[in-house]
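Let's take a walk through this fold, looking at one helix and then at the aromatic rings.

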Amino acid sequence: MEIWGGENLEMSFRIWMCGGALEIIPCSHVGHVFRSFHPYKFPGNKDTHGINTVRTVEVWMDDFKKYFYYQRPDLKNIDYGDITERMELKKQLKCKSFEWYLKNIYHEKFMFDKGVIAYGTVRNPLTHLCLDTLNRDEDKSEPIGYFHCKPQSDIVINQLLSYTENENLELKKIVLK
């Protein structure tokens, strides 16, 4: 990891998946103090937050990393460095899979491809508008709308629908926080 970014996810996944626990203490307060200066230098235009997050995704999310890349296709082919040491640590600690994490720790999270037959977009060929979530809250039942269709080569998560075994069209966002 460089400078900052992604360490919160990396530490959380490592703790939960490798036998630890995080506790919520209701009467506690957590603060973050920003300095008026940085005690370190940022390496030019390098996206350290993006790179660190990709390192986390590649180490901990197993086959579920595709969902991250749906959100951030721009990071799919970046050089994130050597993760051999982290993979070895994961093996050494006998860490559980990301699937285990989703079933046991974050079980209320929507699983994007559960019961899905196909993916795609709904496009009006006359107006070139697509069904779109319009960045509305994924946890609420809110009406969807239309927005300019993005090129088919890009995965636009706000416009990606799934056709399910129950013959439903579902338009959901994937959010990795």
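Asp62 has a positive phi of about 50 degrees, and it sits just after α2. This is a predicted model, so to speak a computed picture rather than an experimental one.

Now step back into α2 itself. Its 13 residues should span 18 Å at 1.5 Å a residue, and the end C-alpha atoms are indeed 18 Å apart, so expectation and model agree. The helix is largely enclosed by the rest of the structure, because 12 of its 13 residues are buried. Among them are charged and polar side chains such as Arg55, Glu58 and Asn52, along with Ile51, Val54 and Trp60. What do the buried residues of α2 pack against? Their partners are α1 (7-17), α3, α4 (84-92) and α5.

On to the aromatics: searching the whole structure turns up five aromatic pairs. Take Phe64 and Phe98, whose ring centres are 5.7 Å apart; with the planes at 55 degrees, the pair is tilted because edge-to-face needs over 60. This pair ties together distant parts of the chain, 34 residues apart: Phe64 is in the loop between α2 (48-60) and α3 (65-71), while Phe98 belongs to helix α5 (residues 98-104). Both Phe64 and Phe98 are buried.

Phe68 and Tyr69 pair up as well, with centres 5.3 Å apart and planes at 70 degrees, so this one is edge-to-face. Phe68 counts as buried at 7% relative accessibility, and Tyr69 is buried too, at 8%.

Phe64 and Phe98 also turn up in a cluster: together with Phe13 and Tyr101 they form one aromatic group. Finally, look at Trp100, where Lys96 lies over the ring face, 5.0 Å from the ring centre.

Conventions:
Residues are numbered from 1 along each chain as its sequence is written. This is a predicted model: local features need pLDDT of at least 70, side-chain atom pairs count only at pLDDT 80 or more; totals for chains, interfaces and linings use all residues. Side-chain values use heavy atoms; hydrogens and water are left out. Rings of Phe, Tyr and Trp (its six-membered ring) pair if their centres lie within 6.5 Å; planes under 30 degrees apart count as stacked, over 60 as edge-to-face and the rest as tilted. Helices (H or I, at least four residues) and strands (E, at least two) are DSSP runs, numbered from the N terminus. Buried means under 20% relative accessible area, exposed over 50%, partly exposed in between (1.4 Å probe, protein chains only). A charge sits over a ring if NZ of Lys or CZ of Arg is within 6 Å of the ring centre and within 35 degrees of the ring normal. The expected span of a helix is 1.5 Å times one less than its number of residues. Contact means heavy atoms within 4.5 Å.
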